[in-house]
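Colleague: I would like a close look at one helix of this model and at what surrounds it. Please take it residue by residue where that helps, and then follow the contacts outwards.

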Amino acid sequence: MNVINFVNAFFSDSAHWHGYDGIPQRLLEHVQYSLLALGLAAAIGLPAGLLTGHTGRGGNAVAFVATAARALPSFGLLVLIAVAVGIGLLPVMIPLVVLAVPPILVTTYEAVRSVDPSPVDAARGMGMHESSILFRVELPVALPLILSGLRSAAIQVVSTATIAAYVSLGGIGRYIIDGLYQRDYEKVVGGATLVALLALVTLALFWAAGRLAVSPGVRRR
């Protein structure tokens, strides 16, 4: 039985569309985990990236934090935290946030640092406050690159949130973990397909957000 047949059998089975283990419920759980992790990572990475990018200080610290966080294996961190604090949402959120912070932090820092200094100097010459310079001059120009960092983080989180199933939580990862345990490869392939589709939907949403949020003049650069 090839992959296409597995996918067709999984999605055509009505049992997979109802109940606590149905596709709508598992998708909702997966999206909730992903949004929570991405929101926490953005709350950490965006302010830090904007501040260090605007002031030009802390670039080495940003690089160090990003490199250190990327070196941590998500699954290993999940197991370590689960052993330390027990089963629950916390052992899932920490690895996902650690995974998502580096692309947000680094791209935000680089986005602000790459803004043409001429309008920034002109704004200072006009007496604009530093916060106004950041949010009214630098941020609109830096927004496309900042969104690319958020998009990269979102894709990584959506793809990795399947680890929630390892600590008895829900999400699409339940199909993969349970399918492997039961040797039900139809379920495994179906779960993997759902993750891939959700990642593609995430890409489309960020493309649409970029079209709506970024000034046409900045997009043409």
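**Helix α2 and its surroundings**

Modeller: Threonine 52 has its place in helix α2, which covers residues 23-55, and everything that follows refers to a predicted model. The relative accessibility of threonine 52 is 15%, and because the limit for buried is 20%, this residue counts as buried. Its side chain reaches the backbone oxygen of alanine 48 at 2.7 Å. Beyond the neighbours within four places in sequence, threonine 52 is in contact with Arg57, Gly58, Val62, Tyr109 and Arg113.

Histidine 54 lies in α2 as well. With a relative accessible area of 11%, histidine 54 is buried. Its side chain and that of glutamate 138 are joined by a polar contact of 2.6 Å. Once residues up to four places away in sequence are set aside, histidine 54 touches Val112, Arg113, Arg124, Glu130, Ile133, Leu134 and Glu138. Arg113 thus appears in the contacts of threonine 52 and in those of histidine 54.

Two contacts of threonine 52, Val62 and Tyr109, also belong to the packing of α3 against α5. Helix α3 takes in residues 59-71 and helix α5 residues 90-113, and their axes lie 9 Å apart at an angle of about 150°. The limit for roughly antiparallel is an angle over 145°, and therefore α3 and α5 are roughly antiparallel to each other. The crossing in which α3 passes α5 is left-handed. On the α3 side the residues are Gly59, Val62, Val65, Ala66, Ala69 and Arg70; they meet Val98, Pro102, Pro103, Leu105, Val106 and Tyr109 of α5. By class, this contact divides into 10 nonpolar residues, one polar and one charged.

What follows α5 in sequence includes a capped helix. Helix α6, residues 117-125, is capped at its N-terminal end by aspartate 116, with a side-chain oxygen 3.0 Å from the backbone nitrogen of serine 118. After α6 comes glycine 127, whose phi is positive, near 90°.

Another set of contacts of α2 is with α9. The axes of these two helices come within 12 Å and cross at roughly 50°. An angle of that size makes α2 and α9 oblique to each other. Here α2 passes α9 in a right-handed crossing. The α2 residues Ile23, Leu27, His30, Val31 and Leu38 meet Leu194, Leu198 and Phe206 in α9. Seven of the residues in this contact are nonpolar and one is polar, with no charged residues. As background to such spacings, an α-helix has 3.6 residues a turn, so residues three or four places apart point the same way.

Leu194 meets α2, and it also takes part in the contact of α9 with α8. Helix α8 spans residues 173-182 and helix α9 residues 185-213; the two pack at about 165°, with axes 7 Å apart. That angle makes α8 roughly antiparallel to α9. The crossing of α8 past α9 is left-handed. From α8 come Tyr175, Ile176, Asp178, Gly179, Leu180 and Gln182, which meet Lys187, Val188, Gly191, Ala192 and Leu194 in α9. The classes in this contact are six nonpolar, three polar and two charged residues.

Ala192, named in the contact of α8 with α9, also gives a reference point for helix α7. Serine 159 lies in α7, residues 130-160, and its C-alpha is 9.3 Å from that of alanine 192, although the two are 33 residues apart in sequence. Serine 159 is partly exposed, with a relative accessible area of 36%. Its side chain reaches the backbone oxygen of isoleucine 155 at 2.8 Å.

For the wider setting, the protein comes to 10 helices and zero strands. Its C-alpha trace spans about 65 × 40 × 25 Å along the principal axes. Of its 221 residues, 45% count as buried; threonine 52 and histidine 54 are among them. Among contacts between residues at least 6 apart in sequence, 74% join residues at least 24 apart.

Notes
Residues numbered from 1 in each chain as written. Predicted model: local features only at pLDDT ≥ 70, side-chain atom pairs only at ≥ 80, totals over all residues. Heavy atoms only, no water. Axes fitted to C-alpha atoms, helices over the stretch in contact; angles between N-to-C directions. Helix = DSSP H or I, 4+ residues; strand = E, 2+ residues; numbered from the N terminus. Parallel < 35°, antiparallel > 145°, perpendicular 65-115°, else oblique. Left-handed = near helix turned anticlockwise from the far one by under 90°. Contact = heavy atoms within 4.5 Å. Nonpolar A, V, L, I, M, F, W, Y, C, P; charged D, E, K, R; others polar. Buried < 20%, exposed > 50% of the residue type's maximum accessible area, 1.4 Å probe, protein only. Polar contact = N/O pair within 3.5 Å; in protein donor to acceptor, adjacent residues only side chain to side chain.
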